Structures are given as C-alpha cells and as structure tokens.
Amino acid sequence: MTTRLSRRALPAVAAAVLLAACTGGGGSTGAAAPGAAGVPAAEAAQSAPDPALRPFYGQQLAWAACKDAPRTEGVDPASVRCATLKVPLDYADPSGVTLDVGVARVGAAEPAQRAGSLVINPGGPGNSGVDAVLHGQRDYDGPLRDHYDIVGFDPRATGRTAPVNCLDDKARDSWITTDTPGPEHGKLLADACRAKYGTLLEHVGTRDTARDMDVLRAALGDRKLTYLGLSYGTYLGSVYAEQFPDRVGRLVLDGAIDPAKPIAETNIEQYAGFDRSLRAFAAHCAQQPQCPFGTDRDKAAGRAADFLDGLKRKPLTTTDGRVLTSAAAWAAVMDVLYGDEGGWDGLATAVGQAMDRGDGDYLLAYADSYNKRGEDGRYGAAVDAYTAIYCADGATDVPTGDALRDAYARMAARAPLISRHEPSAALFDPDCRSWPFRSPEKAHPIVSKAATPIVVVGSTGDAATSYANAQQMVAQLGNAVLLTREGEGHTGYGHSACVRDAVGAYLVDGTVPAAGTRCASDRG
C-alpha cells in the first residue's frame, strides 16, 4: 500500500471562521444528498458485505457520558457522548476474536436540521479521532456542527482501540532521540512490538480500519458515509472509497497523499517539502536584524542546518537533565514547519537560544510536541501506532540494492539540508525493515467508482503532503474535484476560512467547488 502518510504531528485544526476569501466561481449542486439518518438495525445488518458480519453491522451503540470529556464553552455537555463499537479482529474470521473500537460524538447543535453523522480522521497515522472530537469540538462550529453529529473513532492500534505501545517511557526517551539510528534501531522496536502484540500487528492496517469505518457507518444509522479526512485520513478515505464505492456519500480529503507512490518516494518527496519550508523559514528569519542565522537570505538555511547537525558532536544538556541531540532538534524544526508562518518567529527564537546561549530547553519542548511526549514524561500510543500502521500498509515496499542506492541519491539531491544529518532516518521513517509482519499491500492508484464527487483539498506550501499529491489523487479517483489553498502549512481546513466555507457548503448543501477554485490563507 501506500505509505502515503504524513508524519505524527498534525497540528490541531483552527476554530471555524465564516468569512470567505475564495477566488473562483460558484459551484454546482449536483452531489447526491447525504445518507439519511436513522437506518433500522435490520437494514444496517443487511448492508454487510458478508452475511457473517451482520451482527456487527446491526449492532446498536450504547452511548454514555465520556470519562474524560472536557468542558467546552458553547457545547452542551449532554451532547458529548462516547461508545464502543465491536468489530472482528480478522474480517476473514468474523466468529473469532473481536476488538473494541473507541468512538466519540458531539450531537448536532440544531437537531431539527440534523442530516446525519460526519466522521472525521485527524491523520497520523496514529492520531486519536476520539480526542479530536473531545478536545476540538469548536473546530467544527457553524454549518457542520449545526447539521451533523461530529463523530471520531480511534483506528486500530491507537488511543482507545487496542493501543500499541511497545517501549517503556525511559527506553523511548533514548530511542527516539538517538543520532545514530541503524538497522538495529528499527529492530529493537520491532522485536519489542512482536513480543507484546504478536498477531495483532497483522490486523492494524488501513484496509481493516476502512472496514471498521463501514461498520461504524451502519451502527450510526447512515446509509452512506459522510467524512472529513486530514493528512493520513485522506488515504483512509480513499481506501474506503475503493472498497465501498456504493456507500460513499460526501467525502472531503484534505492534505492529500498519492496512493500510487511507494515508501521511498513518499519520504523523498516529503523531506523535499520540509527542505523547501526550512529555506523559506530561514529566509524569513534573515529579514530580522536579530536572526541567529545572520541576515544573508541565501546562507541562512545552511547556517541553521550546520548548527542542528553540529549537535551530533556537541549535544546540549537541558534544565531537566535531558539531552538535546541533533535528532531531537531536527524534530523540533519539523514540528513547527508543519504549521504556517505564524510559528516561524518562535522557532527562530528557540534555535537562537540554543545557538547563542547553549539553552536547548525550548527546542526540546518542540521536539516533545513532535514526538507526543507529555509533560509527565509519558508517551501515548501514537508513536508506535504510526509505525505499526505504516508497516502494515507498506512493509514490502522497502527499497534494497540498486533501488536503495538510487533512493539515497535522490534524497540527497532533493532534500540536501534536512536529510543530511541522518539519511537513513529520513528514508526509513518509520523503519519497516525488521517488522514482524510483511504486508501484502502494494502502492497502487486508487480509482473511485462512487457516484458522488469527492472533494480533495491541496495546499501549495504544504511541506508534509505536497500539492502535487492532491493533484495526483484527484486524477486517480476520477470523480473528484480539487480545491486549492495558497499558502504554507499542512492541510487547508485549519488555515483558511475560504476552505472551511467551501467544505461546509459541500458537506451540508452538496455544493461542489467549481473547477479551479483557489482559496487564500487566513495569514498573508
């Protein structure tokens, strides 16, 4: 498959704003209506692709108060509910072991206008859809939350659904910040995951999660799936469209991947995007008189990279006794480059503190954000879920021999600054070479046979998932339209009121963005 995955640190979506800034004409209203809510359990069961799966498709979700739901201003606490969805571990053996899938829902703000459920996936792979709903309830304020129950679920290996957490926190502190990752580095994690999780690792891939999502659709009472997928969520959504074209309602895929690209090509392209963003960040910094990289726009990025690489030889000890390695410092930079220009000045200050004062605390804090390390020093399941899902989807696409040498050469040519500190870490991110389960999945174009057009959002300055990926996904899906955002940052929905308006109009009214529609970012 397709490891068309973006990295772990997908920024939270911004709160919705309803001022449009679109350029381009109005769209048509030719999309099919969303699936009606309230499908009887018997009908839902009959929609199972295999009669043996009918008990799963016909199940009723037992909604109850969420144990860890935060209080959110403007959201009725009674509308925030959680449930558990039963699915088979192995869809080839529905009578065997089952998994409990964590699900959360915020009810439609205007029940009389309710059109059904909007299922979201926040990316990763490994990010929690439950957390995205519980902690990002206001991100969907406006037409989406008026008309839809906002529903998130935790994919297999993540959060509340058979979470995969292979290393203890102390071991992970060392493992995740090492500057010399070789094949044994990946093997250490693979062996730990095999010992703790065994055959579960064979059943955490995107195809299984897409099947879980169809069971969820039925359990929610929707005839068709209405869906918003961000980053890796675009791959999940496209796989769903490939497997269940007759169940596709209105799908929005934002921050798209190219399903036809194998692992090495995906990583090369992504690091090339981060290399471009690093240069843009450094050039921006060089316009400021106090820039730690100097005021020469052409040399600033190289000076930044030289310092970050130099931490291999001279790492910095931080206030809490931990060490800022080169790997950790680069993770910090990538964490900020996922966002737009709004975070660049803060990153320059953090790098300047390390360069001029030997103070690595600020950069290490950014690295912790990237690596999902909590203030208590604990790591969630997202880090290992990222590897487990990625490798389940594409472990057989690992390059060897001449292909490996060619991949290293192309990585060096396209991402000379951001990959040189450790080329193998860039190319094998994550490292599937020793993974215990060898997935049969292969990268391939995904063609949608769905009657409803799919909206793909691409951002011209997206370092993690390139604009070219969005163009390729539209071409492959066939019945799809491209919505373009001009600007920096990963995904479009959280960076542009225009995108949010267009997405809302499509999901609520079926108004498909006109071909060639381009949106401005909220910044600049």
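The following exercises, each with a worked solution, concern a predicted model.

**Exercise 1. The span of helix α8**

Determine what span the 12 residues of helix α8 (residues 232-243) should have, and state how far apart its end C-alpha atoms are.

Solution. The expected span is 1.5 Å times one less than the number of residues. For the 12 residues of α8, at 1.5 Å a residue, this rule gives 16 Å. The end C-alpha atoms of the helix are 17 Å apart, which agrees with the expected value.

**Exercise 2. The burial of helix α8**

State how many of the 12 residues of α8 are buried, and identify them.

Solution. A residue is buried when its relative accessible area is under 20%. By this criterion, 10 of the 12 residues of α8 are buried, and the helix is mostly covered. The buried residues begin with Tyr232, Gly233, Thr234, Tyr235 and Leu236. The list is completed by Gly237, Ser238, Val239, Tyr240 and Ala241.

**Exercise 3. The pair cysteine 66 and cysteine 82**

The structure holds five disulfides. For cysteine 66 and cysteine 82, establish the bond, its handedness and the parts of the chain that the pair ties together.

Solution. The criterion for a disulfide is a pair of cysteine sulfur atoms within 2.5 Å. The sulfur atoms of cysteine 66 and cysteine 82 are 2.0 Å apart, and the two residues form a disulfide. The torsion about their S-S bond is about 105 degrees, so the disulfide is right-handed. Cysteine 66 lies in the loop between β2 (64-65) and β3 (80-88), while cysteine 82 lies in strand β3, so the pair ties together parts 16 residues apart in sequence. Both cysteine 66 and cysteine 82 are buried.

**Exercise 4. The pair cysteine 166 and cysteine 193**

Carry out the analysis for cysteine 166 and cysteine 193.

Solution. These cysteines form a disulfide, with their sulfur atoms 2.0 Å apart. The S-S torsion of cysteine 166 and cysteine 193 is about 105 degrees, so this link is right-handed. The pair links distant parts of the chain, 27 residues apart: cysteine 166 is in the loop between β6 (148-153) and α5 (169-177), and cysteine 193 is in helix α6 (residues 183-197). Cysteine 166 and cysteine 193 are both buried.

**Exercise 5. The pair cysteine 498 and cysteine 519**

Is the link of cysteine 498 and cysteine 519 left-handed or right-handed, and are these residues buried or exposed?

Solution. A disulfide joins cysteine 498 to cysteine 519, with an S to S distance of 1.9 Å. The angle about the S-S bond is -60 degrees, and the link is left-handed. Cysteine 498 is in helix α18 (residues 497-509) and cysteine 519 in strand β13 (residues 518-520); the pair links distant parts of the chain, 21 residues apart. Cysteine 498 has a relative accessible area of 1% and is therefore buried. Cysteine 519, with 2%, is also buried.

Terms used:
Residues numbered from 1 in each chain as written. Predicted model: local features only at pLDDT ≥ 70, side-chain atom pairs only at ≥ 80, totals over all residues. Heavy atoms only, no water. Helix = DSSP H or I, 4+ residues; strand = E, 2+ residues; numbered from the N terminus. Buried < 20%, exposed > 50% of the residue type's maximum accessible area, 1.4 Å probe, protein only.
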